[in-house]
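Got the viewer open? Here is a short tour of what to select, stop by stop.

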Amino acid sequence: GKYPTAAGLGMAMMSSGHIQAAVDQLEKSGAKTIVALPTEVGDDTSLIRQWSYIFGLSDESAYLDVPRVKSTAKILMARTPTTSPIIGEILADYAKSAIRDAKNEVAMLVVHGPQEAEDNLKLLKILAGHAATVKAATGLSEVYYDSLQDDAPTAIRTANVNRMRDWISKHTAAGHRVIVLQAIMTGQGGVSGRLRRDFDGLSYDLVDKGFTEHPLFDRWIDATVTAELARAASLAPGVR
């Protein structure tokens with residue numbers, strides 16, 4: 001209702017037509033500046049690099065050299081929601097919805113995670129902050145965080161899963177109820193399904209919801225678009 005909006009959701013490893021269609025729709029509405037909001041967890045991922053290539057903001061693709069977006073509008077690519085404190089609020093709210101007895105419960109925050117070790121470490125530092133927010137807001141005795149690195153080589157992913165399984169088993173043996181939260185854009189998808197298989201045989205409760213499903217996500221969109229347009233206007237007065 002506030003800004004012309006189009007959705008270009010979909011994987012961009014091998015195609016970009018859906019993104020071009022969204023840009024075309026916005027140009028028809030009269031947009032001179034387009035803010036691209038990356039629906040990704042983590043600013044340092046191969047998909048972010050692929051989108052940057054598609055929008056002409058970098059020279060190297062992360063996957064295939066798909067057609068790049070053609071547009072007369074100025075393209076601004078915002079950061080992902082990952083570093084926003086709003087994400088901590090969303091995760092805390094999801095945790096509260098699952099809590100029965102906080103003092104005897106623990107939570108694990110799991111993220112899909114990037115493939116590369118360096119990128120993964122950057123994301124884990126951010127997750128540490130969100131885990132602290134959840135713990136402070138809920139009174140849970142512990143909030144652990146870890147990354148699946150879901151697309152990494154099998155040996156790396158397996159080691160990550162085994163570490164998480166050990167953590168769940170340890171707390172179950174100590175009499176704690178385990179709540180698993182996901183740092184993910186949408187729940188009930190492929191990542192959630194794989195996570196259920198990874199944790200098969202363990203005792204835990206999965207909150208299968210993503211950031212976009214929470215009402216606060218609209219606040220992140222509004223704040224991010226407003227800030228990006230204000231920044232663009234300060235650099236080039238008259239941008240809209």
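Start by selecting Glu-89, which is partly exposed at 37% relative accessibility (partly exposed sits between buried, under 20% relative accessible area, and exposed, over 50%, with a 1.4 Å probe and protein chains only). This is a predicted model, where local features need pLDDT of at least 70 and side-chain atom pairs pLDDT 80 or more, while totals for chains, interfaces and linings use all residues. Numbering runs from 1 along each chain as its sequence is written, and side-chain values use heavy atoms, without hydrogens and water.

Now add Arg-219: its side chain meets that of Glu-89 in a salt bridge, 2.9 Å from N to O (a Lys or Arg side-chain nitrogen within 4 Å of an Asp or Glu carboxyl oxygen). The two sit 130 residues apart, Arg-219 in helix H7 and Glu-89 in helix H3 (helices are DSSP runs of H or I, at least four residues; strands are E, at least two; both are numbered from the N terminus). Arg-219 is partly exposed too, at 40%.

Next, pick Arg-157, buried at 13%. What does Arg-157 form with Asp-198? A salt bridge, with the closest N and O atoms 2.8 Å apart. This one links helix H5 (154-173) to helix H6 (190-198), and Asp-198 is buried at 15%. Add Arg-194 and Asp-150, and salt bridges with shared partners join these four residues into one network. Arg-157 pairs with Asp-150 at 2.6 Å, and Asp-150 is buried at 8%.

Last stop: select Leu-127, then show its contacts (heavy atoms within 4.5 Å). Leaving out residues up to four places away in sequence, Leu-127 touches Leu-109, Val-111, Tyr-145, Asp-146 and Ala-183.
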